[in-house]
Amino acid sequence: MIKQSKKSNLVRRYICNLIDNGLRCGDLLPSVTEISAELQISRMTVLRTLRRMEKEGIVECRKRSGTFVGKFMLFQSTAPAFAGKMRSRRKKVITFFSPEPHESEFVKDIFDGASAVLEDDFTIIKHHYHVDKSHEGEEFSKAIASSDGILLIPSYPAELRFMIHQALNNRYPLVFIDRYMDDMCCNYVGVNNTEAIFTVMNRLYDSGHREIGFYCVEPEHYFAYSSAKMRYEAYQLFMKQKKLSPFLFKSPGAVVAHWQKQYRNQISALVCNNDKMAYDLCRVLQEAKIRVPEDISLTGIDDLIPGPEDQIKVTSIRQPKFSIGLQGALLLKELLEHPDEDSCYTKILLNGEIVNGNTVSPYNKEK
């Protein structure tokens, strides 16, 4: 008897297989009845699974019309096929290597997406490495020695960067998740950061804001990675297209000082590199008696859940985390199934979704 969770995963894999074999955004998928009959799974299980997949952007359920392929991927032509048997009969080992605890909301959703693809055919090892330690490179080296492939959410230590460079040079099966080192050619799956920034920038612009800044603490640290760098470059591009002047703020103190000096071109809105920075900044602004959003509007990326001390919900971009993990696992599976193919590196970008909080208000020229 198949367990309920495995039945749900079977439905997921069936749908993803159809998409990867040529269906495109907006194409009609088989009906609930047809999927139920094909997989010998109850209609209720199929319905529940489709509803979860709709929340993740993989499918779109339209009342009285059917189920359609969702908008969860940009580059369908580069998405790997979900098919084929592994060449080796033993279960291959995949390590999910992350600097963040696997219980965190962000990592858990990505891991669940990867597990939906890998759990039946692979042994999956979770490895949480601590970025404040000095042996990240050694941990990564051990993971390579004990695994057939790695799904990697990278971090910043120099030793780890060196080990990753070596792995890529040796064509080790490795897929970057969420971000990648800017100086590396690699396989990667993550959110479309350019589209995400343009979405929140348009929200601010349409609300009347013209003096819009970008907020990122320690940019020399974060801009070494693709996600932060792409977000800042997208911000600069938007400001250039609108013929506006860009401002980069590197600390909460810089934002407070700018506001208190009452500049003629005073910032009325800030795009924060991520939600954590946005919430941290909000607390500092509150202490300085600067109101959000009445004095300064804020946006972020990640759609994090506010802390118990936070009185606001940041307007943000929700990343399709489950789909990122799923597509990353599919890509790694393809690398393992065809290790001898001299193919180009693949980057798959998935669209996020704006989530309206209460940190954006119309521009008020009287404030």
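Reader: Before we start, what does it take for two strands to pair here?
Author: Happy to help, and please keep in mind that this is a predicted model. Two strands count as a pair if DSSP finds a certain number of bridges between them, and that number is at least two.

Reader: In what order do the strands of the six-stranded open sheet lie?
Author: The pairing in this sheet is parallel. Its edge strands are β4 (122-128) and β13 (347-350), each of which pairs on one side only. From one strand to the next the twist averages 15°. Reading across the six strands, the order is β4-β3-β5-β6-β7-β13.

Reader: Which residue of β6 is the bridge partner of Leu151?
Author: Strand β5 covers residues 149-152 and strand β6 covers residues 174-177. The two run parallel and are joined by three bridges. Across them, the partner of Leu151 is Val175.

Reader: Which residues touch the most other members of the largest nonpolar core?
Author: This core has 42 residues. Elements giving two or more residues to the core include α1 (4-20), α4 (105-118), β6 and α12 (321-337). Leu151 has contacts beyond its neighbours within four places in sequence, among them Ile94, Phe96, Val175, Ile177 and Leu332. The residues that touch the most other members are Ile15, Leu151, Ile177 and Val189.

Reader: How many residues are in the second, separate core?
Author: This core includes Ile197, Phe214, Cys216 and Leu270. Its total number of residues is 41.

Reader: Why is one side of β9 and of β11 left without a neighbour in the sheet?
Author: These strands belong to an open sheet of four, with parallel pairing and the order β9-β8-β10-β11. β9 (248-249) and β11 (297-299) stand at its edges, so one side of each has no neighbour there, as each has a single partner strand.

Reader: Which residue in β9 stands opposite Tyr215?
Author: Strand β8 (residues 212-215) runs parallel to β9, and two bridges join them. In β9, the residue opposite Tyr215 is Phe249.

Reader: What angle does the direction of helix α7 make with that of β10?
Author: Helix α7 (residues 193-206) packs on the four-stranded sheet, where it touches β8, β10 (269-272) and β11. Another helix, α9 (residues 226-241), lies across β8 and β9 and runs at about 170° to β8. For α7 and β10, the angle is about 170°.

Reader: How far apart, centre to centre, are the rings of Phe214 and Tyr232?
Author: The structure holds nine aromatic pairs. Phe214 and Tyr232 make a tilted one, with 55° between the planes. Phe214 sits in strand β8 and Tyr232 in helix α9, 18 residues apart, and the pair links distant parts of the chain. Both residues are buried, and their ring centres are separated by 5.2 Å.

Reader: Is the pair of Tyr232 and Tyr235 stacked or edge-to-face?
Author: Tyr232 and Tyr235 are three residues apart in helix α9, which puts about one helical turn between them. Both are buried. Their ring centres lie 6.0 Å apart and their planes are at 20°, while planes under 30 degrees apart count as stacked. The pair is therefore stacked.

Reader: Which residues do ring pairs link into a cluster with Phe223?
Author: Two of the residues have already appeared in the Phe214 and Tyr232 pair. The residues linked with Phe223 are Phe214, Tyr232 and Tyr235.

Reader: Which residue lies over the face of Tyr205?
Author: Lys126 lies over the face of Phe111, at 4.4 Å from the ring centre. Over the face of Tyr205, at 4.5 Å from the ring centre, lies Lys242.

Notes:
Residues are numbered from 1 along each chain as its sequence is written. This is a predicted model: local features need pLDDT of at least 70, side-chain atom pairs count only at pLDDT 80 or more; totals for chains, interfaces and linings use all residues. Side-chain values use heavy atoms; hydrogens and water are left out. Axes are lines fitted to C-alpha atoms, for helices over the stretch in contact, and angles run from 0 to 180 degrees between N-to-C directions. Contact means heavy atoms within 4.5 Å. Rings of Phe, Tyr and Trp (its six-membered ring) pair if their centres lie within 6.5 Å; planes under 30 degrees apart count as stacked, over 60 as edge-to-face and the rest as tilted. Buried means under 20% relative accessible area, exposed over 50%, partly exposed in between (1.4 Å probe, protein chains only). A charge sits over a ring if NZ of Lys or CZ of Arg is within 6 Å of the ring centre and within 35 degrees of the ring normal. A nonpolar core is a set of buried Ala, Val, Leu, Ile, Met, Phe, Trp, Tyr and Cys residues joined through side-chain atoms within 4.5 Å.
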